[in-house]
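The following paragraphs lead a new reader through one protein model, beginning with how far its parts can be trusted and then moving through its strands, its cysteines and its aromatic rings. Please keep the sequence and the structure in view while reading.

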Amino acid sequence: MAAPHTVVGVEGDSSESGLILSDSSTGDVKRPQFGTRFLTDPRQVFQHNAWDNVEWTEEQEAAAKKKVLENSQPLPAEKQEDYDCRANEYWNDFYTIHENRFFKDRHWLFTEFPELAPQCGLNHESHPEVSGTDDRQSGDAAALPHTDGDFPGSSAAYRILEVGCGVGNTVFPILKTNNDPGLFVYCCDFSSTAVELVKTNPEYDPGRCFAFVHDLSDEEANYPVPDGSLDVIVLIFVLSALHPDKMQASISRLARLLKPGGVMLLRDYGRYDMAQLRFKKGRCLSENFYVRGDGTRVYFFTQDELHEMFTEAGLEKVQNLVDRRLQVNRGKQLTMYRVWIQCKYRKALVQPPETQG
């Protein structure tokens, strides 16, 4: 089965930061997050380690398309099947080798996704459109999703699920940043090795967090929470690890877990990212889908592909941004173009009649 997993550092992905974001569909420029360093004079490119919001020229994009096309001959079906069947093995091996030395905590998440920050997470009055608390504050019990029952975090006021949690580099910053007893965090990964590393972390608190093994690509697999019970679902460099044929069903299944007004947050690889262009011949599984040297797999998205998946799952667009950055190796005089996509989609407060129930 495909392996949902947080991938940071593989194929040169050692940098995960919040950056200037632009909505290519509207041309809107969003407020600066971490960086405001713009390359206005190409002759100065090696003056800094990175430049923000770098737009590509037509020549660059044409060269990237040509490079991808040259290396797009897919592997034989039997080899693809082998990578699919042994996905769990490859991810467990990955974590056995790296454990928690490979990763950095993602504190930038609170800037890019304020739904995870304490002042927004439990302060429902300031963000009713995110938390969906209009119904709760109005006392309309009939509008509340059912959350009664004996499941982990059933008494929590605000519930977050991270899918593909890896060794906890998103979960633990959330827990450390927010001490509110009303918060409960769930986290899962395809790799049992990764989940065990989370559970044995000294910061793991079973009273505030529940880690479990889960295959995101298996739409029939049960989650430990009922439908309509989560405020936020987080997918950070996770969906790209699934086989493309299984992505839509996985997103649709996750959407059912959200409360009305709940949000799904995603950050993942964009089309023509440096990591895609670095793949050699013999690594392509299908169009824009590749296998790394360690057997793990990765897909490179467009904004439209993600938008279609989220809307097909019944979610409404809040944000769908392309994040482009130019990273520089000044010692070797190398330039590296990164492309990531960041999305935020919300479940409507009032569901259409055909989707209710």
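The confidence that the predictor assigns to each residue is called pLDDT, and this score runs from 0 to 100. The score matters here, since the structure shown is a predicted model. Averaged over the protein chain, pLDDT comes to 75, and 66% of the residues score at least 70. When the mean is taken for each element of the protein chain, helix α7, which covers residues 134-138, has the lowest value, at 34, whereas α12 has the highest, at 98. Two stretches call for particular care in reading: over residues 1-34 pLDDT stays under 50, and the model gives this stretch 144 contacts beyond four places in sequence, while over residues 120-147 pLDDT again stays under 50, with 53 contacts beyond four places in sequence.

The overall build can be put in a few figures. The protein chain has twelve helices and eleven strands, and 54% of its 357 residues count as buried. Among the contacts in the protein chain with a separation of 6 or more, 76% are accounted for by residues 24 or more positions apart.

A useful place to begin with the strands is the pair formed by β3 (residues 183-189) and β4 (residues 209-213), which are joined in the parallel sense over five bridges. Within this pair, D189 has V213 in β4 as its bridge partner. Together with helix α9, which spans residues 192-199, the strands β3 and β4 make a right-handed β-α-β unit.

Further along the chain, β5 and β6 run parallel and are joined by six bridges. The chain crosses from β5 through α10 to β6, and this β-α-β crossover is right-handed as well. One position that shows how the two strands face each other is I233, which stands opposite M264 in β6. How many of the twelve residues of β6 are buried? Twelve of the twelve are, so β6 is largely enclosed by the rest of the structure.

Helix α10, the connecting element of this crossover, contains I251. I251 has a relative accessible area of 1%, and because this lies under the 20% cut-off, the residue counts as buried. Apart from neighbours within four places in sequence, the contacts of I251 are L239, M264, M309, F310 and A313; M264 has already appeared as the residue that I233 stands opposite. The C-alpha atom of I251 is separated by 9.2 Å from that of E219, although the two residues are 32 residues apart along the chain.

Turning to the cysteines, the structure holds zero disulfides. C187 is in no disulfide, and the nearest cysteine sulfur, which belongs to C209, is 4.0 Å away. Why does this distance not count as a disulfide? The two sulfur atoms would have to lie within 2.5 Å, and because 4.0 Å is beyond that limit, C187 and C209 are not joined in this way. C187 is buried, with a relative accessible area of 0%, and C343 is likewise buried, with a relative accessible area of 0%.

The aromatic residues give a further view of the model, in which ten aromatic pairs are counted. In one of them, the rings of Y290 and F300 have their centres 5.8 Å apart and their planes at 70°, so this pair is edge-to-face. The pair links distant parts of the chain, ten residues apart, with Y290 in strand β8 (residues 289-291) and F300 in the loop between β9 (297-299) and α12 (303-312). Both Y290 and F300 are buried, and they belong to one aromatic cluster that also includes F237, Y269 and F279.

F237, a member of this cluster, also has a backbone feature to examine: its phi is near 50°, a positive value in a residue other than glycine. F237 lies in the loop between β5 (230-236) and α10 (244-257), and it is buried, with a relative accessible area of 2%. Y272 likewise has a positive phi, of about 70°, although it is not a glycine. Y272 is placed in the loop between β6 (258-269) and α11 (274-277), and at 15% relative accessibility it counts as buried, because the value falls under 20%.

Technical notes
Residues numbered from 1 in each chain as written. Predicted model: local features only at pLDDT ≥ 70, side-chain atom pairs only at ≥ 80, totals over all residues. Heavy atoms only, no water. Helix = DSSP H or I, 4+ residues; strand = E, 2+ residues; numbered from the N terminus. Buried < 20%, exposed > 50% of the residue type's maximum accessible area, 1.4 Å probe, protein only. Pairing = 2+ DSSP bridges. Right-handed = clockwise from strand over helix to strand, strands pointing away. Phe/Tyr/Trp six-rings, centres within 6.5 Å; stacked < 30°, edge-to-face > 60°. Contact = heavy atoms within 4.5 Å.
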